[in-house]
Amino acid sequence: MNPNRMFRVIVMGGIALVAASACGGSVSTSTDAGADARADAPATLRLTVVDASDAATEAGVPYQFPGET
Amino acid sequence: MTAGSLESRRPILWESFDVGALSSDARSVVGDTWRERMKQEHLAVGAFALLVQELAEDGCDPIVLSLVTRAANDEVRHTEVCRRMAVALLGEAEVPARLHGFPKVPQHPQSSREERVLLHVVEMCCLSETITGVYFTEMLGRATQPTARAALESLLQDEIDHGRVGWAYLSTRARDSRLDGLSAALPALIERTVGRALRQADRSHEDDAAMESYGWLGRTTALATIRRALREVIVPGFETLGVSLSVARSTIDKLLDGAP
């Protein structure tokens with residue numbers, strides 16, 4: 001486990017949720033493996049559809065469960 | 001409501017859950033932890049329901065209220081997932097079919113309403129649920145039995161959000177310069193969550209790879225994981241949001257360095 005990754009996923013991911021919501025984004029949350037598919041998303045906050053996985057990506061770390069491919 | 005409707009959004013193949021790789025003693029140890037977790041998840045239903053009331057009364061960003069409201073329902077489902085894990089390991093007769101009860105929530109009588117909701121969110125989400133997210137991530141990294149992994153994943157995907165919503169709320173309180181009372185209260189909050197988790201971990205059996213494969217952490221790994229969550233996730237989280245740790249520093253240092 002990379003603890004810095006957990007900091008980014010939980011703490012920065014939470015902070016990014018509020019930022020996304022404040023921008024008028026439609027916010028839903030999911031930590032499914034779909035986050036990995038968005039790892040290459042632009043490093044700008046999405047203003048239309050933002051979920052927690054995106055927020056983690058924005059913070060630099062898409063969330064993926066250990067052992068999940 | 002059927003049991004199936006309480007199932008995780010991730011499928012869990014209970015029918016193929018094979019506990020035969022564990023000795024009878026090992027099944028008892030691992031099963032006990034899932035039965036205890038079942039109780040904690042049930043108590044979390046009431047804790048989040050209280051947070052919903054307090055946040056709705058005091059006001060917060062809609063995303064925070066939405067996630068906390070959903071969390072109460074998540075915990076109902078978690079209780080059932082843990083119950084089924086415990087039943088598989090211990091047998092139906094050893095596990096209650098349902099629970100009742102409400103957590104003893106600190107009332108913080110000297111605090112104002114707006115201070116009290118902040119302390120409750122920090123204790124529940126920034127501390128307790130954040131530790132749980134890190135703990136389950138470590139547990140999942142060691143679990144190999146497919147059904148146990150699926151159960152852990154179903155819990156973990158929600159626990160991550162339960163931690164996140166705390167940091168989301170704390171960020172709005174920091175943004176609005178409404179952190180009064182938090183720094184002074186942190187030593188007690190940290191002791192009650194991190195300290196209790198460490199003491200509980202210290203009573204565990206030593207690490208065992210076979211038991212880890214079914215979703216369990218032994219003493220050495222559990223203690224290290226909880227301390228890592230405090231040192232490398234929670235403390236940097238408070239620092240990032242400008243929460244003073246000057247009063248809490250000695251408590252943090254004691255928990256990181258000393259005996260549980």
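Start by selecting helices α5 and α8 of chain B: in this predicted model, their axes come within 10 Å and cross at roughly 10 degrees. Angles under 35 degrees count as roughly parallel, and therefore α5(B) and α8(B) are roughly parallel to each other. Now show the side chains where the two helices touch. On α5(B), pick Pro187(B), Ile190(B), Glu191(B), Val194(B), Gly195(B) and Leu198(B); on α8(B), pick Thr251(B), Ile252(B), Lys254(B) and Leu255(B). Colour them by class and you'll get six nonpolar, two polar and two charged residues.

Stay with α8(B), residues 249-257, and turn it so you look down its axis. Which of its residues are buried? They are Thr251(B), Ile252(B), Leu255(B) and Leu256(B). From this viewpoint the four fall within an arc of 125 degrees, so they line one face of the helix. The spacing helps here: an α-helix has 3.6 residues a turn, so residues three or four places apart point the same way. Spin to the other side of α8(B) and you'll find Ser250(B) and Asp257(B), both exposed. What do the buried residues of α8(B) pack against? Besides α5 (182-202), they have α7 (219-240) of chain B as a packing partner.

Next, click on Phe238(B). Leaving out residues up to four places away in sequence, Phe238(B) touches Val122(B), Leu127(B), Trp167(B), Leu170(B), Leu186(B), Val243(B) and Leu245(B). Phe238(B) is also among the residues with the most contacts inside the largest nonpolar core, a list that includes Trp34(B) and Leu182(B) too. How many residues does that core have? Count 95. Chain A joins in: its α1 (3-22) gives two or more residues, as do α1 (24-58), α2, α3, α4 (146-175), α5, α7 and α8 of chain B. The largest share, 15 residues, comes from α3(B).

Now hop to His108(B), in the loop between α2 (62-90) and α3 (113-142) of chain B. Is His108(B) buried or exposed? Its relative accessibility is 15%, and the cut-off for buried is under 20%, so His108(B) counts as buried. Show what surrounds it: setting aside neighbours within four places in sequence, His108(B) is in contact with Arg116(B), Leu119(B), His120(B), Glu123(B), Leu189(B) and Arg192(B).

Last stop: chain A. Colour it by secondary structure and you'll see three helices and two strands, running α-β-α-β-α along the sequence. Of the 69 residues in chain A, 45% are buried. Among contacts in chain A with a separation of 6 or more, 45% link residues 24 or more positions apart.

Terms used. Residues numbered from 1 in each chain as written. Chains lettered and ligands numbered in written order. Predicted model: local features only at pLDDT ≥ 70, side-chain atom pairs only at ≥ 80, totals over all residues. Heavy atoms only, no water. Buried < 20%, exposed > 50% of the residue type's maximum accessible area, 1.4 Å probe, protein only. Arc of directions from axis to C-beta. Contact = heavy atoms within 4.5 Å. Axes fitted to C-alpha atoms, helices over the stretch in contact; angles between N-to-C directions. Parallel < 35°, antiparallel > 145°, perpendicular 65-115°, else oblique. Nonpolar A, V, L, I, M, F, W, Y, C, P; charged D, E, K, R; others polar. Core = buried A, V, L, I, M, F, W, Y, C linked by side-chain atoms within 4.5 Å.
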